[in-house]
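Biologist: I have a chain open on my screen and would like to go through it. Can you take my questions one at a time?
Modeller: Go ahead.

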Amino acid sequence: MKPTFIVNESKRKVTYKVRKIGMKKKLHEITVLCGIQACAIIYGRNETEPEVWPSHSEVQRVINRFNAMSEINQRKNMSTQESFLKKNLEKARDQLKKARGENKKNEMELFMFQCLGAGSISNNGDTIDMNYLLLLINQNLRDIYGKESRDQTQHGIGVVVNGTET
């Protein structure tokens, strides 16, 4: 639901008070849980002075610390809602791509082991990416040969390759 301006003044005032309390509570929680400094300056619609949290001195301390940083460092961690959403969307896309790759690998491994168990290739009429299956088989064979080689070396077993003992 997209936030919209609350036309009813009494509802808007109640919402403002409740949301302001909630925001300050969340700020307090993040400062305690994460050991960080945070502050808030809240300008109410009908208030002559802004409300600050946690105190004027702490707000001034946080602002001075921020202003002491170079402009590059100040902007480094700033984001607009749009840039924040783009960054998270890209991260989600990467996770989805990785999960799809893992799923494809797991499906092929399952199919490969089913074929080994049955002694033939049958996938109930589904299309099989034979190139990917071959790639996966070769990768598994490399893994197996690599493990055998490491195990033999660990147990002091010599292996003869092309007439040369290793």
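Biologist: How far does helix α4 reach from its first C-alpha to its last?
Modeller: Helix α4 (residues 81–118) has 38 residues and reaches 54 Å, close to the 56 Å expected at 1.5 Å a residue. The expected span is 1.5 Å times one less than the number of residues. Helices (H or I, at least four residues) and strands (E, at least two) are DSSP runs, numbered from the N terminus.

Biologist: Where do these coordinates come from?
Modeller: This is a predicted model, where local features need pLDDT of at least 70, side-chain atom pairs count only at pLDDT 80 or more, and totals for chains, interfaces and linings use all residues. Residues are numbered from 1 along each chain as its sequence is written, and side-chain values use heavy atoms, leaving out hydrogens and water.

Biologist: Which residues in α4 are buried?
Modeller: Met108, Glu109, Phe111, Met112 and Cys115 are buried in α4. Buried means under 20% relative accessible area, exposed over 50%, and partly exposed in between (1.4 Å probe, protein chains only).

Biologist: Which residue does Glu109 meet in a salt bridge?
Modeller: Its partner is Lys105, at 3.5 Å, N to O. A salt bridge is a side-chain nitrogen of Lys or Arg within 4 Å of a carboxyl oxygen of Asp or Glu. The two residues are four apart in helix α4, so about one helical turn separates them. Glu109 counts as buried at 19% relative accessibility, while Lys105 is partly exposed at 29%. Elsewhere, Lys20, Lys24 and Glu51 are joined into one network by salt bridges that share partners.

Biologist: Why does a spacing of three or four matter in a helix?
Modeller: An α-helix has 3.6 residues a turn, so residues three or four places apart point the same way.

Biologist: What about Lys86 and Glu82?
Modeller: Their side chains also meet in a salt bridge, at 3.2 Å, N to O. Both lie in helix α4, four residues apart, and both are exposed.

Biologist: New topic. How many disulfides are there?
Modeller: The count is zero, taking a disulfide as a pair of cysteine sulfur atoms within 2.5 Å. As for single cysteines, Cys34 is exposed, with a relative accessible area of 52%, and Cys39 is partly exposed at 24%.

Biologist: Last one: is the peptide bond from Trp53 to Pro54 cis or trans?
Modeller: That bond is cis, with omega near 0 degrees. Pro54 sits in the loop between β2 (51–53) and α2. In general, most peptide bonds are trans.
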